[in-house]
Amino acid sequence: MDELVGTCVRCARNVYCTAGFLNGILLDNKKILCFNCKDILYAMIKEKRMEDES
């Protein structure tokens, strides 16, 4: 069963809890980020780190 738990702070898509599993990540400020936006954010961080190492 899917239960709506909130919306993604970046893209405003609905984020659901499925069988007790949050389909996103909970940020330190208690806001939710969907998995798609999390992947984009992590890719941006990785790219920035690679630029800083160069």
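Is Asp52 buried or exposed? In this predicted model, Asp52 is exposed, its relative accessible area being 52%, and the views below begin with the salt bridge in which Asp52 takes part.

**View 1. The salt bridge between Lys48 and Asp52 in helix α1.** The closest N and O atoms of Lys48 and Asp52 are 3.4 Å apart. Because the two residues stand four places from each other in helix α1, about one helical turn separates Lys48 from Asp52. Lys48 counts as partly exposed, at 46% relative accessibility, whereas Asp52 is exposed, since its 52% lies over the 50% cut-off. This pair is one of two salt bridges that the structure holds.

**View 2. The salt bridge between Asp39 and Lys38.** Here the side chains of Asp39 and Lys38 meet with a distance of 3.0 Å from N to O, and the side chains of these residues are likewise described as making a polar contact at 3.0 Å. Asp39 counts as partly exposed at 43% relative accessibility, while Lys38, with a relative accessible area of 16%, is buried because this value falls under the 20% cut-off.

**View 3. The surroundings of Lys38 in helix α1.** Lys38 has its place in helix α1, which comprises residues 35–53. When neighbours within four places in sequence are left aside, Lys38 is in contact with Ile25 and Leu33. Of these two contact partners, Leu33 also belongs to the largest nonpolar core, which is the subject of the next view.

**View 4. The largest nonpolar core, with six residues.** The core consists of Cys8, Val15, Ile32, Leu33, Cys34 and Cys37. Strand β5, which covers residues 32–34, supplies the largest share of this core, namely three residues. Cys8, itself a member of the core, is in contact with Val15, Ile32, Leu33, Cys34 and Cys37, and also with Arg13, once neighbours within four places in sequence are left aside.

**View 5. A nonpolar patch on the surface, formed by Leu41, Tyr42 and Ile45.** Together these three residues have about 260 Å² of accessible area. Ile45 lies in helix α1, the helix in which Lys38 also has its place. At 34% relative accessibility, Ile45 counts as partly exposed, because this value lies between the cut-offs of 20% and 50%.

Conventions
Residues numbered from 1 in each chain as written. Predicted model: local features only at pLDDT ≥ 70, side-chain atom pairs only at ≥ 80, totals over all residues. Heavy atoms only, no water. Buried < 20%, exposed > 50% of the residue type's maximum accessible area, 1.4 Å probe, protein only. Polar contact = N/O pair within 3.5 Å; in protein donor to acceptor, adjacent residues only side chain to side chain. Contact = heavy atoms within 4.5 Å. Salt bridge = Lys/Arg side-chain N within 4 Å of Asp/Glu carboxyl O. Core = buried A, V, L, I, M, F, W, Y, C linked by side-chain atoms within 4.5 Å. Patch = residues over 30% accessible without salt bridge, like charges linked within 9 Å, V, L, I, M, F, W, Y side chains within 5 Å. Areas by Shrake-Rupley, 256 points an atom, 1.4 Å probe, with all protein chains shown as cover.
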